[in-house]
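Student: I should like to learn how features are read from a structural model. May we work through one together?

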Amino acid sequence: MARYTLRRLLQLAPVLLLITLLSFGMMRLAGSDAVLQRMENTGVVVPQQVLDAARAELGLDKPFLTQYLTWLANLLHGDMGTSYISGRAVLPTFLSKLPATLALAGAALLLTVAVSVPLGVLAAVRRGRAADLVLRAAGFLGNSMPNFFTALLLLYVFAVRLGWFPVLARRPGPAGLVLPAATLAIAMSARYLRQVRAAVLEELGRDYVAGARARGVPFSATLVKSVLRCCLGSLVTLLALSAGSLLGGTAVVESVFLWDGVGKLAVDAIEMRDYPMIQAYVMWMAILYVVVNLLADLACHWLDPRIRLGGGAP
Amino acid sequence: MKQNLRLAACLLPAAALLLAVLFARQLCPYDPNAQAFAALAAPSAAHPAGTDILGRDLLSRILVGLRTSVLATLALVAAAALAGTAAGVAAALLGGAADAVLMRVCELCLAFPGLVLALGLAALLGGGLPCAVLALGAVSWPKYARLARSRTLALLPTDAIAAARLAGDSACQLVVRHILPDVAGQVLVTAALDTGAMMMELAGLSFLGLGAMPPTAELGSMMSGGRSLLQTCPWVVLGPGAAIFAAVAAFNLLGEALRDALDPFVCQGEEHEA
């Protein structure tokens, strides 16, 4: 297990490096650099010499690789540049908004697991019966709902019509968290419900289930102690994989509910063409995603006693 | 026979959607851009979906917007599937360094959460519907490349390919006659399953202001524009939303039916996770 962990951590290094390279390279697509951005704000036509001088001062005339290495060195010192719009350092601004997004994503994840694991198991056990058909139809419909429509629909029904929740959750709080988290959870649950169902169904088809049944072991005991236990690893992996769409979904949901997290920060930055901020958002979200998947992999290995107790990683 | 009936029933909504898209202009009761009516009128017999803030008939705008969204989505999925398949087949045939580089690029693309990367790319490309399509396409092709590559690699050592080679087929003929027909089925199913999700993501980018620009009717941007009216005139938001939902559901139904029909190893209605 320790060796496996070490190996996975070592494999992480090149991926992280490539993520930074791609994030840096993406800025080149923008067609506008810090100098142009600053000079354009003054509204005066700037002579080319002045532009060149400013670029030389910022090191923007150097080759791509040199610039990247400088940028990377700054990054390692916690410096991701300053925002074009506010003029403040990007990284502290970003980090100050991150907890709100993590709280939202965490709540959505908990809600998803709480809803779709029991329902998915129910659908698998009652395969082909009414409960299964209803859940599958619900999963299909949920899978076809764009998250911004879900968000606006929930807002309309529960905030405007019923008045149960505030329409705008300006201040992060438990009441304001419910609707955004529910929006994200609906989209995730729809997919995860089907995956849980499929995983449990596959496990239920194994011989040991029939064997346990033949020996008179109560079905509920087999289900909880054996079937779910065996599915756990794949369920964790699938959940981690959907973290990608969860992180992307926060951008839309945060801007609909005005939840003050990094997603809304990114959408506002996009509106203002604040490229350093967009770059920070894309890079950190990718790193977060990679780390979440690594943790899920490690959890998966730890959950599998054949690997945990047997010593050798496959 | 029963299977075929089921498939036909699942194809029906998608066929209806396609017809509505093709004849959107003819189906419109009014000119979608004419500001000719009372602003923000509630749904009525004359305007089944109401009117928007500029006094345009919403049903007409929804139909034209649906056309924009669906055509852009189809172009996006087709481009991603074609580019990915071409890259994957080429990588499998060439092997060596080209293959290794391509697969590393795919892995890197897949290391990013797709929507986040698309968001960043679309923003850097400058917004507008073509940029949003390009950004999502850049994010989604690796899936097809991996699929086509693994399928081709599985096919290469078979006797059929060896026989074709012996018969004197050039690499080009090999690809056209033997490899593409085999790869196409799986690519088609994957593309069909992907279309609904892509439509949602494209509309999502528009919703965030990175897709179609205001004069063009597009469902995501229509909803974004109507957001502030949710409390007073909900139909401005709910109409286009329902249209996206219906279209995505039709595509998903089509995709799942195709998967069930073309993949003999899947029992009816079982979920495969890519």
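Tutor: Certainly; please bear in mind that this is a predicted model. Let us begin with His47(B), which lies in the loop between helix H2 (24-27) and helix H3 (58-94) of chain B.

Student: Is His47(B) buried or exposed?

Tutor: Buried means under 20% relative accessible area. His47(B) has a relative accessible area of 9%, so this residue is buried.

Student: Which residues does His47(B) touch, leaving aside those up to four places away in sequence?

Tutor: Its contacts are Tyr30(B), Phe37(B), Ala42(B) and Asp57(B). With Asp57(B) there is also a polar contact, side chain to side chain, at 2.8 Å.

Student: How is a pair of aromatic rings described?

Tutor: One gives the distance of the centres and the angle of the planes. Over all chains, the structure holds five aromatic pairs. In one of them, Phe24(A) and Tyr68(A), the ring centres are 5.6 Å apart and the planes stand at 55°, so the pair is tilted. This pair links distant parts of the chain, 44 residues apart: Phe24(A) belongs to helix H1 (residues 2-29) of chain A and Tyr68(A) to helix H4 (residues 64-76) of chain A.

Student: Why do Phe24(A) and Tyr68(A) count as buried?

Tutor: The cut-off of under 20% applies again. Phe24(A) counts as buried because its relative accessibility is 9%, and Tyr68(A) because its value is 6%. Together with Trp71(A), these two residues form one aromatic cluster.

Student: Let us turn to the surface. Which residues make the nonpolar surface patch of about 630 Å²?

Tutor: The patch is made by Leu18(B), Leu19(B), Leu22(B), Phe23(B), Leu27(B), Leu71(B) and Leu74(B). Helix H1 (2-22) and H3 of chain B are the elements that give two or more residues to it. H1(B) gives the most, with three residues.

Student: How should I read Leu74(B), in helix H3 of chain B?

Tutor: Partly exposed is the class between 20% and 50% relative accessible area. Leu74(B) has 31%, so it is partly exposed.

Student: What can be said of chain B as a whole?

Tutor: Chain B contains 10 helices and zero strands. Its C-alpha trace spans about 75 × 50 × 30 Å along the principal axes. Of its 274 residues, 51% are buried. Among contacts in chain B with a separation of 6 or more, 67% come from residues 24 or more positions apart. The chain exposes about 11900 Å², of which carbon and sulfur atoms supply 69%.

Notes
Residues are numbered from 1 along each chain as its sequence is written. Chains are lettered from A and ligands numbered from 1 in the order in which they are written. This is a predicted model: local features need pLDDT of at least 70, side-chain atom pairs count only at pLDDT 80 or more; totals for chains, interfaces and linings use all residues. Side-chain values use heavy atoms; hydrogens and water are left out. Helices (H or I, at least four residues) and strands (E, at least two) are DSSP runs, numbered from the N terminus. Buried means under 20% relative accessible area, exposed over 50%, partly exposed in between (1.4 Å probe, protein chains only). A polar contact is a pair of N or O atoms within 3.5 Å; within protein, one must be able to donate a hydrogen and the other to accept it, and residues adjacent in sequence count only if both atoms are side-chain atoms. Contact means heavy atoms within 4.5 Å. Rings of Phe, Tyr and Trp (its six-membered ring) pair if their centres lie within 6.5 Å; planes under 30 degrees apart count as stacked, over 60 as edge-to-face and the rest as tilted. Patches are made of residues with over 30% relative accessible area and no salt bridge: like charges are joined within 9 Å, nonpolar side chains (Val, Leu, Ile, Met, Phe, Trp, Tyr) within 5 Å. Accessible areas come from the Shrake-Rupley method with a 1.4 Å probe; for residues, only the protein chains shown count as cover. A salt bridge is a side-chain nitrogen of Lys or Arg within 4 Å of a carboxyl oxygen of Asp or Glu.
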